[in-house]
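Trainee: Got a minute to go through this one with me? I'd like to start with how the parts pack against each other.

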Amino acid sequence: MTSAPATTLPQWAQALDTDDCRPRGRLTPQAALGPRTWFRVGGPAELLFQPASADDLAHVLRHLPLEVPVMPLGACSNVIVRDGGIDGLVIRLARGFSTIVRDGDGLVVGAACLDMTVAEHAAEAGLSGLEFLAGIPGSIGGAVAMNAGAYGSDMSAVLDWVEVVTRDGRLLRLPAASLDFGYRHATLPPQSVVVRVRLNGMVAPPAIIRQRIDEIRTAREAAQPVRARTGGSTFRNPDPDESQRKAWELIDAAGCRGLTVGGAQISEKHCNFMLNTGNATASDLELLGDTVRQRVHDHTAVTLRWEIKRIGRPAMHITGESA
């Protein structure tokens, strides 16, 4: 294990720095999370764990007191980490979870792999059906957890099975049918961590697959602020019985394109995207999103639902007063 001295670990984490438990991965108390997120905002993790393998992760979770909360983070492309940081154990998968192996007409993929990387590997292998991943920021583990989708497909359409480590340290393989997929939703065991998946594909000429990936990249760059500090789509599209308009259309109609709060701004290019223009805090971004929700509701009676996850605690909880 690589870690700071045991005296700097939280009291609840002392059990992780014993001969019976000591992990092979890295433990970092008060690890900065802001630089790891696409928005570049947020407070620290009380304790960050970067496991070396699925067995290493399972071993630690078996020894971690069950009352300690666990928060898995992927590429942090669709999260706002609040300014007060995250209590408990934050898990971030890295190199030990980034393998991609062809398996017949599919790919077995580590959860830390970026979606774009998976799309490119599928093209090299001559497997179609995964091109849509080129249009989704983030990693495969997060894509499964939220049933990420774009450009005519989503994870529910291609997932064969998923392996997770449960909160009590069991490694389970779950068939896709057991995840009860819905729009931007999958049902996984509480506080479990996705570690590996198998994705189905269809054999096709690599040149045709690459052409489709290039089309998706071009369309995304033309429509979205891909080079900004952003976090992907802010709100889910409403259910058809609520509104026939997409979230961005409702936001635009409510006059929110370009709206700012502190250093946070609704993108002029695509108004279902929030931007950190340089000095935003997590509270700026969250307040901006809530302001947009209120304005859309006042204008259309539609209540937008967040697609970006807001996690952790506000800064005021550190000192007892607003920072």
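Trainee: How many salt bridges are there between domain 1 and domain 2?

Mentor: Zero in this predicted model. What the interface of domain 1 and domain 2 does have is nine residue pairs in polar contact.

Trainee: OK, and which elements of domain 1 supply the side that touches domain 2?

Mentor: α1 (54-63) and β4 (70-73) each give at least two residues to that side. The largest share comes from α1, with five residues.

Trainee: How do the residues on that side of domain 1 divide into nonpolar, polar and charged?

Mentor: You get 18 nonpolar, four polar and three charged.

Trainee: And what area do domain 1 and domain 2 bury between them?

Mentor: About 1600 Å², with 65% of it on carbon and sulfur atoms. The centres of the two domains, taken over C-alpha atoms, are 23 Å apart. Domain 1 puts 25 residues into the contact and domain 2 puts in 20 residues.

Trainee: Where do the domains run along the chain?

Mentor: Domain 1 is 11-95, domain 2 is 97-222 and domain 3 is 230-311.

Trainee: Switching topic: where is P238 found?

Mentor: In the loop between α4 (206-223) and α5 (247-253).

Trainee: Is P238 buried or exposed?

Mentor: P238 counts as buried because its relative accessible area is 11%, and the cut-off for buried is under 20%.

Trainee: So what is P238 in contact with, leaving aside neighbours within four places in sequence?

Mentor: S243, R245, K246, A247, L250, V302 and L304. As for D103, its C-alpha atom is separated from that of P238 by 37 Å.

Terms used:
Residues are numbered from 1 along each chain as its sequence is written. This is a predicted model: local features need pLDDT of at least 70, side-chain atom pairs count only at pLDDT 80 or more; totals for chains, interfaces and linings use all residues. Side-chain values use heavy atoms; hydrogens and water are left out. Domain bounds come from an automatic or database domain assignment. Contact means heavy atoms within 4.5 Å. Buried area is the accessible area (1.4 Å probe) that two parts lose on being put together, summed over both. A salt bridge is a side-chain nitrogen of Lys or Arg within 4 Å of a carboxyl oxygen of Asp or Glu. A polar contact is a pair of N or O atoms within 3.5 Å; within protein, one must be able to donate a hydrogen and the other to accept it, and residues adjacent in sequence count only if both atoms are side-chain atoms. Helices (H or I, at least four residues) and strands (E, at least two) are DSSP runs, numbered from the N terminus. Ala, Val, Leu, Ile, Met, Phe, Trp, Tyr, Cys and Pro count as nonpolar, Asp, Glu, Lys and Arg as charged, and the others, Gly among them, as polar. Buried means under 20% relative accessible area, exposed over 50%, partly exposed in between (1.4 Å probe, protein chains only).
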